[in-house]
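Work through the exercises below with the sequence and the model open. Try each task before reading its solution.

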Amino acid sequence: PVVLNAIVQNAGQTCSAGSRLLVHRPVYEALLERVGKAMTALRVGPALADLDVGPLIRQTQLQRVWDFLSQAQRDGMTVEPWVDGEAMSLSLLCRAGTAELLSINRQRIHVGTDGRLGYRGVDIDCRPRSDATGRAWATLARQVAQAIPGLYGFVGIDLVWHATLGPVVIEVNPRVPSAYVGLSARLGRNI
């Protein structure tokens with residue numbers, strides 16, 4: 001559907017990627033169910049496989065990234081290494097340097113035998129926010145919100161829980177990530 005394309009078109013790498021959807025209350029539940037089913041059916045994989053959603057929009061974009069990485073290394077910059085551990089994400093509502101932790105999510109990332117990464121979905125709100133670990137994640141969310149001035153609205157933080165290092169932030173997404181789908185229903189409130 002058009003609504004889904006507005007979110008995932010070009011892997012969200014467009015200036016017009018949808019981040020909010022205003023829905024008339026009488027059709028909210030039905031639309032949420034349809035978008036959720038459509039999101040679940042998306043095929044995600046490497047750009048060269050030309051699936052519904054890839055990490056980059058086309059092979060020429062992939063080449064641009066490789067060129068940037070090569071130039072960065074020639075300029076003495078560091079390309080970050082792979083971090084082993086459990087792939088997680090935090091869903092936040094940010095405003096004026098503060099962050100409300102809405103959910104702790106598990107990212108289902110698959111590493112193929114050829115080393116290629118695959119995204120197999122997200123388990124929304126899979127960890128409690130009320131225990132000691134949940135409170136630590138909420139503290140991390142607030143620290144990220146304070147460190148990046150101007151974060152406002154729905155924000156996703158992708159991170160890896162490393163056995164020794166604890167949480168390692170991979171990226172901050174100031175847009176609606178896939179965990180957004182179904183989050184309102186899961187939390188019992190409109191986000």
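**Exercise 1: a helix with two faces**

The buried residues of α2 are Val35, Gly36, Ala38 and Met39; buried means under 20% relative accessible area, exposed over 50%, and partly exposed in between (1.4 Å probe, protein chains only). This is a predicted model, where local features need pLDDT of at least 70, side-chain atom pairs count only at pLDDT 80 or more, and totals for chains, interfaces and linings use all residues. Residues are numbered from 1 along each chain as its sequence is written, and side-chain values use heavy atoms, with hydrogens and water left out.

Task: decide how the buried residues of α2 are arranged around its axis.

Solution.
- Step 1. Look down the axis of α2: the buried residues fall within an arc of 165°, so they line one face of the helix. The arc is that of the directions from the helix axis to the C-beta atoms.
- Step 2. Turn to the face away from the buried side. It carries the exposed residues Glu29, Arg34, Lys37, Thr40 and Ala41.
- Step 3. Check the length. α2 covers residues 28-41, 14 in number, and reaches 20 Å from first C-alpha to last, close to the 20 Å expected at 1.5 Å a residue. The expected span is 1.5 Å times one less than the number of residues.

Helices (H or I, at least four residues) and strands (E, at least two) are DSSP runs, numbered from the N terminus.

**Exercise 2: the sheet**

Task: in what order do the 5 strands of the open sheet stand?

Solution.
- Step 1. Pair the strands; two strands pair if DSSP finds at least two bridges between them. β1 and β2 pair in the antiparallel sense over 8 bridges. Here Leu93 stands opposite Glu100 in β2.
- Step 2. Add β4. 9 bridges join β1 (residues 86-95) to β4, again antiparallel. Ser89 faces Asp158 in β4.
- Step 3. Add β5 (residues 166-173). It is joined to β4 by 7 bridges, running antiparallel. The two form a hairpin with 3 residues between them.
- Step 4. Read off the order: β3-β2-β1-β4-β5, with antiparallel pairing. β3 (117-123) and β5 are at the edges with a single partner strand each, so one side of each has no neighbour in the sheet.
- Step 5. Ask why β4 counts as largely enclosed. 7 of its 10 residues (153-162) are buried, so the rest of the structure largely encloses it.

**Exercise 3: across the strands**

Task: place Glu171 relative to β4 and Ser89.

Solution.
- Step 1. Glu171 is found in β5. It stands opposite Asp158.
- Step 2. Glu171 touches Gly156, Ile157 and Asp158, not counting residues up to four places away in sequence; contact means heavy atoms within 4.5 Å.
- Step 3. Glu171 and Ser89 are 82 residues apart in sequence, yet 9.6 Å apart in space, C-alpha to C-alpha.
- Step 4. Glu171 is partly exposed, at 37% relative accessible area.

**Exercise 4: the core**

Task: which elements give two or more residues to the largest nonpolar core?

Solution.
- Step 1. Define the set: buried Ala, Val, Leu, Ile, Met, Phe, Trp, Tyr and Cys residues joined through side-chain atoms within 4.5 Å.
- Step 2. The largest core has 17 residues; Leu90, Leu92, Cys94, Leu101, Trp137 and Leu159 have the most contacts inside it.
- Step 3. The elements are β1, β2 (98-111), α4 (132-147) and β4. α4 gives the most, with 6 residues.
- Step 4. A second, separate core of 6 residues includes Ala38, Met39, Leu42 and Val181.
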